[in-house]
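Me: I have a model open and would like to go through the terms people use for it. Could you take me through the reasoning behind each label?

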Amino acid sequence: QRPKLPSRGLGVVSIDVDDEIRKRKKADLLRAQLTRGQSRIIDGFLLLDACGVEFPDEGHRADVSGRHATEVSSTDLEYFPNLSWVDASDNPRLPLEDFGSLPRLKDLRFAANSWSVCSSVSEDWFPRLLVLDLSYNTATLDGISQLVTMPRLRDLDLTGNGLVELPDVFSDFQSLEKLFLERNRLQGDALTCLAKCPRLRELSLAHNKVTSTPTIDAMAEATSLDHTEILAELVALDLAHNHIRSEKDIDDLTVLPKLEQLSLYGNPLLGATGEDPTGETVRTLVQTATQQRDGWTARHLDVTTEVPRKRPNRGTAGAAAGAKCDRRFERIGVQRIAEAPIPTAAQFREKGHQALVDALEKEAGRKPRTKKKVPQPTTDKDPSFFVTALQDDDALEEALMADEIYEEPEDPIVAPAVLAARAIEPARRSDPAK
């Protein structure tokens, strides 16, 4: 018996799309909370789950970011003696000093935690910490001064902390080598506060309000240092996306003794677009650096005037086009060295046969046969030569295998001994059987 069809027509069902989206987001948030736990305390059980291990001494890396935790169980941290990397970012109001009891912690990510200053600082906290990420917090001058007591701190990231000035304590950072101060509100006088940092090698002041840098004389007078001691170890300086308009505003940076990399893209100095692939706008700056460094240092100043982009694959048209504008290879040349080609397999085999025949004829008292000399190729108009490398002249002679193939030129070319020219083999096989 057939079922009865409804007498009335099917009604139209209305769906509120925005309400469904809100319900979906609420369900996803609830699922995430159930998956990651609802604990507001970073304790031993949470660290075991974050490390993915069964026993505390097996944990080396822990990611507890985004847990909305506000406390750390310091007693539980004592059971994790091998924990060396911790990501505790995105946990507002989480205290920094609670992680100081980890004996082997080397890398701590503490970004976006609203950290400003530590409530208490112990003398033996963070004994092995090398990398500290405090980006996008609200660090104060007192909070930065507390970091001086970390004995091995090497990399410090203070990006996006709204800093207007810096404390005069960076001379006490005895191990600091990399300092990131991007996206703050600092000006050029920040370099004066950093002039005493003894081991600072990389400094980033990108996305700040730098209009000019102080002169070396002004920094020497403010810090009571000799001119050669100011930023003596600085190798790379990033001033991208600031407000520098003239080369004269940063002219004194050229006398820094070890400065090799200077980033200036995104400044009005390079034009309306903030980029200059040709480097014409900073050519005077580079020439000034070369003249001032002549006689007392061989370091070359490389100024970056365009935003770094992903390099194309080698062998493509984009890679060839980019190499034409690469100023690193301006003073590099290639010299062709005239040499005989490497013998083919057939010539090696013929040479071996000839040596055996000559030995037998010498034993029999016969006169050896006349050797057939291979003609020397002309390299003036021959495009089938390229520059390669050998260890020395003895290795070259052993590779050529015969004195009649290699002849010493009357007037040798003055070139490094490791360079030699080899002929490219033709696109055919000399011995089809091999």
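Reply: Gladly, and let's begin with contact, which here means heavy atoms within 4.5 Å. Please keep in mind that this is a predicted model.

Me: Then which residues is Phe110 in contact with, leaving aside its neighbours within four places in sequence?

Reply: Contact needs heavy atoms within 4.5 Å, and the residues that meet this for Phe110 are Ala88, Ser89, Leu94, Pro95, Leu96, Phe99, Trp115, Asp133, Leu134 and Asn137. Phe110 itself is in the loop between β5 and β6. As for Leu94, 16 residues from Phe110 along the chain, the two C-alpha atoms are separated by 9.1 Å.

Me: Why is Phe110 called buried?

Reply: Buried means under 20% relative accessible area. Phe110 has a value of 0%, so the label buried applies. Phe99 is at 1% relative accessibility, and therefore counts as buried by the cut-off of under 20%.

Me: What makes Phe99 and Phe110 an aromatic pair, and why edge-to-face?

Reply: Ring centres have to lie within 6.5 Å, and edge-to-face needs planes over 60 degrees apart. For Phe99 and Phe110 the values are 6.3 Å centre to centre and 75° between the planes, so both conditions are met. The pair links distant parts of the chain, eleven residues apart: Phe99 is in the loop between β4 (85-87) and β5 (107-109), Phe110 in the loop between β5 and β6 (131-133). By this rule the structure has three aromatic pairs.

Me: How do you know that a charge sits over the ring of Trp85?

Reply: For an arginine, CZ must be within 6 Å of the ring centre and within 35 degrees of the ring normal. The charged end of Arg61 is 4.1 Å from the centre of the Trp85 ring and sits over that ring.

Me: What is in the largest nonpolar core, and which elements give residues to it?

Reply: A nonpolar core joins buried residues of the nonpolar kinds through side-chain atoms within 4.5 Å. The largest one here has 78 residues, and those with the most contacts inside it are Phe99, Leu108, Leu132, Leu181, Leu203 and Leu264. Two or more residues each come from α2 (44-51), α5 (190-194), α6 (216-223) and α7 (283-293). The element that gives the most is α2, with four residues. In general, nonpolar side chains of soluble globular proteins tend to be buried together.

Me: What does Leu132 touch, not counting residues up to four places away in sequence?

Reply: Leu132 touches Leu96, Leu108, Leu147, Met150, Leu153, Asp155, Leu156 and Asp157.

Me: And why is Leu179 called buried?

Reply: Its relative accessible area is 0%, against a cut-off of under 20%, so Leu179 is buried. Leu179 lies in strand β8. Beyond its sequence neighbours up to four places away, Leu179 touches Leu156, Phe170, Leu194, Leu200, Glu202, Leu203 and Ser204. Leu179 and Leu194 are 15 residues apart in sequence, and 9.8 Å apart from C-alpha to C-alpha.

Me: How do you know that the buried residues of α6 line one face of the helix?

Reply: The buried residues of α6 are Ile216, Met219, Ala220 and Thr223. Seen down the helix axis, they fall within an arc of 100°, so they line one face of α6. On the face turned away from that buried side are the exposed residues Asp217, Glu221 and Ala222. What covers the buried residues includes α5.

Me: What follows α6, and why is that residue called exposed?

Reply: Ser224 follows α6, with a positive phi near 60°. Exposed means over 50%, and Ser224 is at 67% relative accessibility, so it counts as exposed. Ser224 is in the loop between α6 and β10 (236-238).

Me: Why is Arg183 called partly exposed instead?

Reply: Its relative accessible area is 45%, which lies between the 20% and 50% cut-offs, so Arg183 is partly exposed. Arg183 is in the loop between β8 (178-180) and α5. Its phi is near 55°, a positive value in a residue other than glycine.

Me: Last one: how many disulfides are there, and why are Cys51 and Cys118 called buried?

Reply: A disulfide needs two cysteine sulfur atoms within 2.5 Å, and a search of the whole structure finds zero. Cys51 has a relative accessible area of 15%, under the 20% cut-off, so Cys51 is buried. Cys118, at 5%, is therefore buried by that cut-off too.

Key. Residues are numbered from 1 along each chain as its sequence is written. This is a predicted model: local features need pLDDT of at least 70, side-chain atom pairs count only at pLDDT 80 or more; totals for chains, interfaces and linings use all residues. Side-chain values use heavy atoms; hydrogens and water are left out. Buried means under 20% relative accessible area, exposed over 50%, partly exposed in between (1.4 Å probe, protein chains only). The arc is that of the directions from the helix axis to the C-beta atoms. Rings of Phe, Tyr and Trp (its six-membered ring) pair if their centres lie within 6.5 Å; planes under 30 degrees apart count as stacked, over 60 as edge-to-face and the rest as tilted.
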